[in-house]
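Trainee: I would like to learn how to read salt bridges, enclosed spaces and unusual backbone geometry in a model, taking each feature in turn. Could we go through them together?

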Amino acid sequence: MKLILIAGALALCLSLFGTPALIKVLARRGYGQMIRDDGPSTHHTKRGTPTSGGIIIIFAALVGYLVAHLVTQSSITVSAVLILGLVIALGLVGFLDDYMKVSRQNSRGISGKQKIFGQVLFASIFGYLGTRFPDGDGLTPISQNLSTLRDTSITLGVVLVVIWIALMVTATSNGVNLADGLDGLATGASVMTFLAFILIGVWEFGQSCAISASSNCYNVRDPLDLAVLAAAFAGACTGFLWWNASPAKIFMGDTGSLALGGALAGLAASLRVQLLLIPLGGLFVIITLSVAMQIIYFKLTGGKRLFKMAPLQHHFELLGWGEVTIVLRFWIIAGLSVALGLGLFYTQWVAS
């Protein structure tokens with residue numbers, strides 16, 4: 001528990017006190033957010049707000065995790081290192097997108113195909129490496145079995161695992177990216193999901209087959225260290241939220257949203273709760289589905305729209321809801337989704 005507290009607290013402090021310095025650096029360089037012309041008109045007042053704040057989130061989480069291990073003289077684990085590598089790689093893809101938007105002075109960064117290619121490439125590398133590096137018990141960071149609320153007996157094999165992980169990471173990172181449209185929305189929802197992963201990691205460690213072999217024990221590599229990593233990201237996001245809450249002084253940009261999505265998907269894969277990511281990240285799923293439904297409905301009806309605007313949060317903006325009202329109500333949905341996910345996780349353990 002000491003590791004979890006140190007990692008979370010240090011990451012929070014670094015993010016809370018480091019973000020103002022990053023804001024000054026970005027503002028000095030003219031690194032401001034570009035706003036879509038076809039977006040809600042109220043968003044044009046946000047033009048020029050410093051973006052790429054995900055830099056401080058990644059930095060604070062990384063330092064918080066590493067220093068916690070240094071202070072306690074604990075060894076870092078392969079599972080956490082692989083997730084951090086994925087986060088940094090996706091953060092670089094997002095930063096390139098943010099940089100192109102600023103340098104071109106419009107809301108278009110790298111192309112959608114280029115962004116997807118980068119996500120799939122790094123997610124595939126993560127998925128493949130995750131099936132390597134067995135520990136003394138033969139456990140690898142990512143199982144070759146499909147996991148729902150825990151590992152199942154359905155064996156996928158390395159190729160299908162890599163494809164499945166690439167799909168998970170790409171979908172989750174894009175889901176967080178789509179949710180990052182209102183001040184604090186994606187950041188706050190991410191904090192709740194990371195907190196859930198802390199509880200899951202601690203629970204799996206306490207019920208580990210290595211500690212107490214039973215019919216419902218968990219064969220998961222490094223669950224406690226994954227909880228430490230989740231705490232570092234939860235702390236980093238919480239500190240950033242102080243400055244990202246409405247009216248935002250800084251945006252996380254694609255640098256942050258793609259990285260956070262990668263962290264969430266990586267934790268779900270490594271903790272063997274892959275399909276549990278759907279309810280735990282329920283808000284991101286709903287927002288992503290709203291975009292898909294809008295596109296499908298538009299094509300089927302020859303140009304009619306199901307929502308006034310997608311993603312879903314912009315639909316409610318155009319209905320006249322205030323930004324803070326939307327964010328708070330969507331946070332409630334995110335909290336209920338996380339509670340549902342944790343309830344399903346515990347119920348499965350009790351029933352097994």
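Trainee: Which residues are linked in a network of salt bridges?

Mentor: In this predicted model, the network of salt bridges links Asp 97, Lys 101, Lys 115 and Asp 254. When reading such a network, take one pair at a time: Asp 97 pairs with Lys 101, and their closest N and O atoms are 3.2 Å apart, which counts because a salt bridge requires the nitrogen to be within 4 Å of a carboxyl oxygen. Both residues belong to helix α3 (residues 78–104), where they stand 4 residues apart, about one turn of the helix.

Trainee: Are Asp 97 and Lys 101 buried or exposed?

Mentor: Asp 97 is buried, and Lys 101 is buried as well.

Trainee: How many salt bridges does the count come to?

Mentor: The count comes to 6 salt bridges, and it helps to ask of each pair where its two partners sit along the chain. Arg 272 and Asp 151 meet through their side chains at 3.3 Å, N to O. Arg 272 is in the loop between α8 (253–270) and α9 (277–280), while Asp 151 is in strand β2 (residues 151–155), so this salt bridge ties together parts that are 121 residues apart in sequence. The two partners can also be read by accessibility: Arg 272 is buried, with a relative accessible area of 3%, whereas Asp 151, at 27%, counts as partly exposed.

Trainee: Which residue forms a salt bridge with Asp 222?

Mentor: Asp 222 forms a salt bridge with Arg 221, with 3.0 Å between the closest N and O atoms. Arg 221 has a relative accessible area of 10% and is therefore buried. Keep Asp 222 in mind, since we shall return to its backbone.

Trainee: Let us turn to pockets. What is the volume of the second largest pocket, and which residues are closest to its centre?

Mentor: The second largest pocket has a volume of about 340 Å³. It is lined by 16 residues, of which Ala 171, Thr 172, Leu 277, Ile 278 and Val 285 are the closest to its centre. A useful next step is to trace the lining back to the elements of the fold: α5 (157–179), α9 and α10 each supply at least two residues, and α5 gives the largest share, with 6 residues. By class, the lining consists of 11 nonpolar and 5 polar residues, with no charged ones.

Trainee: How many cavities of 30 Å³ or more does a search of the whole structure find?

Mentor: The search finds 2 cavities of 30 Å³ or more, and the second largest cavity holds about 30 Å³ of space. Its lining includes Ala 189, Thr 193, Phe 284 and Val 338. Two or more lining residues come from each of α6 (185–206), α10 and α12 (323–351), and α10 provides the largest share, 3 residues. This lining divides into 6 nonpolar and 3 polar residues, again with no charged ones.

Trainee: How should I read the backbone?

Mentor: Start from the general expectation that most residues other than glycine have a negative phi and that most peptide bonds are trans. Then look for the exceptions here, beginning with the cis peptide bond that joins Ser 246 and Pro 247, where omega is about -5°. Pro 247 is part of the loop between α7 (223–244) and α8. The bond from Ala 310 to Pro 311 is also cis, with omega near 5°, and Pro 311 is placed in the loop between α10 and α11.

Trainee: Which residue in the loop between α6 and α7 has a positive phi?

Mentor: That residue is Asp 222, found in the loop between α6 and α7, and its phi is about 60° although it is not a glycine. Phe 133 likewise has a positive phi, near 55°. Phe 133 lies in the loop between α4 (112–130) and β1 (145–147), and at 40% relative accessibility it counts as partly exposed.

Trainee: Finally, which residues make the nonpolar surface patch of about 340 Å²?

Mentor: Leu 289, Met 293, Tyr 297 and Leu 306 make that patch. To place one of these, Leu 306 is in the loop between α10 (282–300) and α11 (312–318), and its relative accessibility of 37% means that it counts as partly exposed.

Technical notes
Residues numbered from 1 in each chain as written. Predicted model: local features only at pLDDT ≥ 70, side-chain atom pairs only at ≥ 80, totals over all residues. Heavy atoms only, no water. Patch = residues over 30% accessible without salt bridge, like charges linked within 9 Å, V, L, I, M, F, W, Y side chains within 5 Å. Areas by Shrake-Rupley, 256 points an atom, 1.4 Å probe, with all protein chains shown as cover. Buried < 20%, exposed > 50% of the residue type's maximum accessible area, 1.4 Å probe, protein only. 1 Å grid on protein atoms, 1.4 Å probe; cavity = no way out; pocket = protein on both sides within 12 Å on 5 of 7 lines; lining within 4 Å. Points joined across faces, edges and corners; volume = space filled by probe spheres on them. Nonpolar A, V, L, I, M, F, W, Y, C, P; charged D, E, K, R; others polar.
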